[in-house]
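User: I'd like to go through this one and ask where each label comes from. Can you set the values against the cut-offs as we go?

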Amino acid sequence: QMCIRDRNMGMNECQCLKNEVSNLPLEDPKEKINERGKKKPSLKVTPSDIERYKQNEAKIIKIQAIFRGFIVRKKIGRQPKNQKSNDSSQQKPVGKEITTVPDYSNPETRATEQKLGPFKYDKAPSDVEKDLETRGPFELDNGAVYIGQWRKDGLRHGKGLQIWPDGSKYEGYWENDMASGKGRLIHADGDVYEGEWVQDKAEGNGVYTHSDGAQYVGQWKEDKQHGLGVETWPDGARYEGYYDVGQKQGKGKFLWADNSSYDGDFLNNNIQGKGIYIWADGRKFDGEWKNNKMEGKGVFTW
C-alpha cells in the first residue's frame with residue numbers, strides 16, 4: 001500500500017497509516033546511526049536517550065574526528081624551538097642522546113604492529129637526503145625517543161621513527177620537524193592511522209582503523225574526515241558518502257546490520273534533506289527529512 005505524505009499533515013492524521021501501520025515499530029534513523037541496529041518503537045529521541053547514547057559511545061566503536069584530532073595533535077607535537085644561533089649548523093636538538101632504545105610497546109600496540117607488518121617507505125632518495133644526518137636514539141624533552149634523519153640545524157626531517165612512553169609510535173616522513181608526507185601513527189590503545197600528513201595533521205588520503213575492526217577509509221583535512229569516505233563496523237554496518245569537517249554531510253548511504261538503509265542527504269551527522277529510507281521488513285519512505293524524522297512531502301509504502 002502507499003500513502004502520500006504532505007508537509008501539512010502529521011503522521012497520525014493519515015488514516016491509512018493509522019489503520020495499517022499504527023502498531024509497526026518505526027525506528028528513528030538517528031538511533032540506528034548511533035547504535036547501528038538497536039531498535040525502539042518511536043520516532044522521537046528524548047533527552048535521556050541522547051544522554052544514554054553519549055555514555056555508550058565508547059562501546060559503539062564510533063570513529064569520530066573529535067577524539068582523533070585530540071590524540072594526533074597530542075602525540076605529534078613539535079619539539080621545543082631551539083634558541084637562535086648565527087651558525088645554524090651548530091644548533092643542537094633539545095634533548096639528549098641515549099645508547100639504547102627503550103621498549104615502550106604494550107600488548108595492544110604490539111598486536112597492531114604485528115598485524116600491519118613493517119612500515120614501507122615509498123619515496124625515492126632525493127638530493128635533499130644527502131645533506132641529512134642519521135642519528136639516534138635521541139630522547140626529547142617530552143620523553144619521546146626519535147631515531148632517524150635530521151637536518152643540520154637540529155630539526156627532524158626525512159625518514160624517522162618516534163615512540164612515546166605510553167606506547168604510541170609514529171613512523172614515516174618528516175619535514176621541518178613535523179610529520180609530513182606518508183606516515184603511520186599507532187595509538188597506545190592499538191588504533192592506527194596510516195596515510196598522508198601535512199604539518200603534524202592527518203590530511204589527504206588515509207585509513208583509520210580501530211583496534212576492534214571499525215574503520216574509516218577516505219579523505220582528511222586537519223585531522224578530520226573531510227570529503228569522500230567509507231566507514232565500516234564489525235557488525236556489517238556501512239556508511240559511504242561525504243563528510244565536512246568530521247561530520248557526515250552531503251550525499252551518503254547508510255546500511256545497517258539489519259539490512260535497513262538510507263540513501264540521501266545528511267547534515268551535521270543527521271538525516272536531513274531528501275532521501276529514501278527502507279526498513280528491513282520492506283517498508284519505505286521516499287521524501288523529505290529533518291533531524292532524522294520524516295518531515296515535509298513524501299511517499300510511504302509498505
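Analyst: Sure. This is a predicted model, and the chain averages a pLDDT of 77, with 69% of the residues scoring at least 70. The chain holds five helices and 17 strands, and 45% of its 302 residues count as buried.

User: What is the pLDDT over residues 2-90, and how many contacts beyond four places in sequence does the model have there?

Analyst: Residues 2-90 stay under 50 in pLDDT, and the model has 186 contacts beyond four places in sequence for them. Where pLDDT is low, the predicted coordinates should not be read in detail.

User: Why is the pair of Tyr 193 and Trp 220 called edge-to-face?

Analyst: A search of the whole structure finds 25 aromatic pairs. For Tyr 193 and Trp 220, the ring centres are 5.1 Å apart and the planes sit at 80°. Centres within 6.5 Å make a pair, and planes over 60 degrees apart count as edge-to-face, so that is the label here. The pair also links distant parts of the chain: Tyr 193 is in strand 8 (residues 192-198) and Trp 220 in strand 10 (residues 215-221), 27 residues apart.

User: What makes Tyr 193 count as buried, and what about Trp 220?

Analyst: Buried means under 20% relative accessible area. Tyr 193 has 0% relative accessibility, so it counts as buried. Trp 220 has a relative accessible area of 4%, so Trp 220 is buried as well.

User: Why are the rings of Trp 256 and Tyr 277 called tilted?

Analyst: Their centres are 5.6 Å apart and their planes make 45°. Stacked needs planes under 30 degrees apart and edge-to-face needs over 60, with the rest tilted, so this pair is tilted. Trp 256 lies in the loop between strand 13 (247-255) and strand 14 (261-267), while Tyr 277 belongs to strand 15 (residues 270-278), 21 residues apart. Both Trp 256 and Tyr 277 are buried.

User: Which residue lies over the face of Tyr 239, and at what distance from the ring centre?

Analyst: That's Lys 248, at 5.3 Å from the ring centre. Elsewhere, Arg 156 lies over the face of Tyr 146, at 6.0 Å from the ring centre.

User: Why is strand 6 described as largely enclosed by the rest of the structure?

Analyst: Six of the seven residues of strand 6 (residues 169-175) are buried, so "largely enclosed" is a fair description.

User: How do you know that strand 6 pairs with strand 5 and with strand 7?

Analyst: Count the bridges: at least two are needed for a pair. Strand 5 (residues 156-163) and strand 6 have six, in the antiparallel sense, and Lys 159 has Tyr 173 in strand 6 as its bridge partner. Strand 6 and strand 7 (residues 178-186) are antiparallel too, over six bridges, with Ile 186 in strand 7 as the partner of Lys 169.

User: Which residues in the two hairpins have a positive phi?

Analyst: In the hairpin of strand 5 and strand 6, with five residues between the strands, Gly 167 has a positive phi near 105°. The hairpin of strand 6 and strand 7 has two residues between them, and Asn 176 in the turn has a positive phi of about 55°.

User: What makes Asn 106 a cap for helix 5?

Analyst: A side-chain oxygen of Asn 106 lies 2.9 Å from the backbone nitrogen of Glu 108, and a polar contact takes N or O atoms within 3.5 Å. Asn 106 caps the N-terminal end of helix 5 (residues 107-116). After helix 5 comes Gly 117, with a positive phi near 85°.

Technical notes:
Residues are numbered from 1 along each chain as its sequence is written. Side-chain values use heavy atoms; hydrogens and water are left out. A polar contact is a pair of N or O atoms within 3.5 Å; within protein, one must be able to donate a hydrogen and the other to accept it, and residues adjacent in sequence count only if both atoms are side-chain atoms. Helices (H or I, at least four residues) and strands (E, at least two) are DSSP runs, numbered from the N terminus. pLDDT is the predictor's confidence in each residue, from 0 to 100. Contact means heavy atoms within 4.5 Å. Rings of Phe, Tyr and Trp (its six-membered ring) pair if their centres lie within 6.5 Å; planes under 30 degrees apart count as stacked, over 60 as edge-to-face and the rest as tilted. Buried means under 20% relative accessible area, exposed over 50%, partly exposed in between (1.4 Å probe, protein chains only). A charge sits over a ring if NZ of Lys or CZ of Arg is within 6 Å of the ring centre and within 35 degrees of the ring normal.
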